[in-house]
Amino acid sequence: MEHSMNMEPQAQEAANQDFMLQLQKTFAQLPHDIPIYMFLNRGEDNIFAQTNRQIVRAFRELTDKITFREHYMDHELARKWNVSHSPTLVIAPERVNIRWLGAPLGEEGKTFLETLLFVGMGKSHVSDQSEKVLARIDSQRNVKVFVSATCPYCPQEAVNAVKAAIEKPDLVSVEIIDIQCAPDLANQYSAHSVPQAFANDILIGQGAQTEEVFMASLEKMEAQTVFIPESDAELVENDIVIIGGGPAGIAAGIYAVRSGLNAAVLEKEALGGQVATTPIVENYPGFTQVGGKTLVDIMVSHALQYVKIFPGEEVVEIEPGTPIKVKTSRRLFETRAVLLATGAKHRYLGAKGEKLFGGRGVSYCSTCDGPLFKGKKVIMVGGGNSAVTEALHLRNMGIDVTLVHRRDKLRAQEVLAKQLPQNNVPILWNTEVKEIRGDLRVEEVELFNNKTNETQVMPIDGVFIAIGYEPANDLAKKLGVELDEEGFIKHDEKHRTSIPGIYSAGDVEGGYKQIVTASGHGSSAALTIFEDLIDPYWLKKERAAGTN
Ligand SMILES: Cc1cc2nc3c(=O)[nH]c(=O)nc-3n(C[C@H](O)[C@H](O)[C@H](O)COP(=O)(O)OP(=O)(O)OC[C@H]3O[C@@H](n4cnc5c(N)ncnc54)[C@H](O)[C@@H]3O)c2cc1C
């Protein structure tokens with residue numbers, strides 16, 4: 001719902017009005033009413049309850065299809081619908097079983113809007129592939145999705161659950177739980193990173209899943225990692241398929257379409273890639289300081305004016321040839337060129353207990369999971385820009401954070417490093433995390449000083465890790481694209497890889513890993529692809545080599 005910040009105020013106002021008008025029309029066409037009930041304890045009119053009232057009031061100004069009733073927890077309807085948490089929003093309970101524990105704050109506003117529209121339409125809008133999976137579910141699934149207002153990955157997982165509840169109203173119930181409003185429940189489920197999805201109290205998803213992977217996990221009652229379309233996958237023909245919706249992929253999409261190519265951007269998780277979870281960006285030209293998520297919204301709204309973006313769609317296989325076949329969790333693309341803009345993924349520490357406590361106190365995303373640690377004690381492991389930025393971000397959230405670094409000097413820029421003492425963030429130098437321990441969740445860490453050889457045990461609630469990134473090269477590897485010794489994609493100066501028709505851009509190529517460089521390389525790669533398609537580069541190369 002955010003609009004371009006670089007617009008003139010008047011243009012922005014007009015765009016907002018346009019959006020509201022569009023929404024009004026959409027609501028007017030909905031065939032079903034959307035009754036919403038809020039239940040709360042007597043005398044507990046907290047920020048969540050107040051926000052719920054404001055949000056629902058704003059929607060009611062757009063449509064009379066929404067009705068709103070408030071009841072105390074001892075009301076007979078609370079008993080009838082088994083409401084046990086205050087406040088809870090219950091949506092159209094006579095038709096579906098969807099509720100919010102807390103309020104749809106921040107990022108969750110999107111989930112709430114989509115939920116209202118789907119409920120009003122009476123349609124889930126799941127893909128054909130998901131529909132087939134859901135059709136096989138024949139017993140009750142009580143789903144809980146833990147989310148936070150600042151988590152850009154959460155709406156994807158929450159909307160998956162909402163769609164399942166609308167598609168199978170008799171068998172699937174959904175509770176979307178804000179970890180800040182219901183920390184007791186988050187503790188009970190040891191859900192210390194978001195999003196996390198449980199069905200009948202069994203963990204079925206940690207992190208954002210594509211719709212099809214979520215549905216398969218819900219069916220099998222076990223977290224699935226990939227989903228291969230079963231049959232009859234929709235076929236889409238394109239000039240260029242761009243894999244990755246980070247800065248490189250988004251810029252490439254804009255340039256490709258402006259060059260006259262028919263392009264698609266496929267993104268499996270959060271649009272914006274790593275930028276979506278970057279608290280503050282201070283070095284992107286045009287913005288002295290901008291929140292990562294805000295920058296992503298601006299980039300995406302710009303890109304959407306040109307290029308078709310397929311969110312929540314993971315590429316699982318690429319088959320080179322003419323055409324090149326790109327298989328996703330939902331569709332089959334046939335295309336003339338592929339741009340690998342798959343970026344980078346966080347590095348693991350390799351400490352004992354790290355995997356075991358993943359999502360239960362060990363986190364790689366301070367933006368997403370920070371809110372749950374307010375008033376608690378955590379460590380941030382790392383010494384680069386990311387670790388320092390994120391430690392400062394946690395400190396600002398009211399978290400007692402200590403930076404743990406294995407060397408005696410930070411790699412972070414001086415301007416950032418200076419802010420640590422100014423913000424009372426202590427640093428443990430020459431210190432390595434040997435083990436992360438606890439019972440159900442993180443309770444302590446064993447730290448080793450590599451200068452003094454001393455070991456200490458520190459009681460702790462959370463371990464945040466930001467020790468760098470490695471190329472997301474799974475697809476490239478599978479395809480047989482040549483990689484360098486560090487796993488980055490080898491490419492020529494025009495972003496062509498070792499395989500005809502396959503190009504690369506952004507962090508997956510190595511080099512300077514910055515938003516501005518990734519965007520620049522994305523745009524260059526798109527322009528190369530345009531040139532190569534007009535003047536068949538690969539064909540000429542093969543002819544010159546005598547292979548065609
Ligand atoms: C905490 C943090 C702070 C940072 N701060 C700054 C900063 O202040 N300034 C700056 O310039 N840079 C910063 N960076 C670096 C910057 O974010 C990256 O250089 C940039 O995002 C790289 O863009 P990219 O498009 O190459 O890759 P990414 O941003 O990694 O995007 C790649 C995308 O591809 C998707 N993808 C991968 N595989 C598949 C698949 N199989 N199917 C579909 N989609 C797939 C991923 O989900 C991801 O969204 C920061 C990074 C981090 C982590």
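Tutor: A polar contact is a pair of N or O atoms within 3.5 Å; within protein, one atom must be able to donate a hydrogen and the other to accept it, and residues adjacent in sequence count only if both atoms are side-chain atoms. The model before us is predicted, and local features need pLDDT of at least 70 and side-chain atom pairs pLDDT 80 or more, whereas totals for chains, interfaces and linings use all residues. Residues are numbered from 1 along each chain as its sequence is written, and side-chain values use heavy atoms, with hydrogens and water left out.

Student: What makes the pair formed by the side chain of Gln196 and the backbone oxygen of Gly359 a polar contact?

Tutor: A polar atom of the Gln196 side chain lies 2.9 Å from that backbone oxygen, which is within the limit, so the pair qualifies.

Student: Why is Gln196 called buried?

Tutor: Buried means under 20% relative accessible area, exposed means over 50% and partly exposed lies in between, with a 1.4 Å probe and protein chains only. Gln196 has 2%, so this residue counts as buried. Gln196 sits in strand β7, strands being DSSP runs of E with at least two residues and helices runs of H or I with at least four, numbered from the N terminus. Leaving aside neighbours within four places in sequence, its contacts (heavy atoms within 4.5 Å) include Lys144, Phe146, Leu203 and Gly359.

Student: How do you know that β3 and β4 pair, and in which sense?

Tutor: Two strands pair if DSSP finds at least two bridges between them; β3 (residues 88–91) and β4 (residues 98–101) share 4 bridges and pair in the antiparallel sense. One of the bridge partnerships joins Thr88 to Leu101. In general, strands of a sheet pair through backbone hydrogen bonds, either parallel or antiparallel.

Student: What makes β2 and β8 the edge strands of their sheet?

Tutor: The open, mixed sheet has 8 strands in the order β2-β1-β3-β4-β6-β5-β7-β8, and β2 (66–72) and β8 (202–206) each pair on one side only.

Student: What makes β19 and β20 a pair, and how many residues of β20 are buried?

Tutor: Strand β19 (residues 377–381) is joined to β20 by 5 bridges and the two run parallel, with Val381 standing opposite Val404. Strand β20 (residues 400–404) is mostly covered, as 4 of its 5 residues are buried.

Student: How do you know that the span of helix α10 agrees with what is expected?

Tutor: The expected span is 1.5 Å times one less than the number of residues. For the 13 residues of α10 (residues 292–304) this gives 18 Å, and the end C-alpha atoms are 18 Å apart, so the two agree.

Student: Why is Ala303 in that helix called buried?

Tutor: Its relative accessibility is 0%, so Ala303 counts as buried. Outside the four nearest places in sequence on either side, Ala303 contacts Ile250, Ile254 and Ile309. Elements covering the buried residues of α10 include α4 (108–121), α9 (247–258) and α16 (515–534).

Student: What makes the ligand's approach to the backbone of Asp507 a polar contact?

Tutor: An oxygen atom of the ligand is 2.8 Å from a polar backbone atom of Asp507, and this distance is within the limit. A ligand nitrogen atom is also 3.1 Å from a polar backbone atom of Val315, and a ligand oxygen atom lies 3.3 Å from a backbone N or O atom of Lys513.
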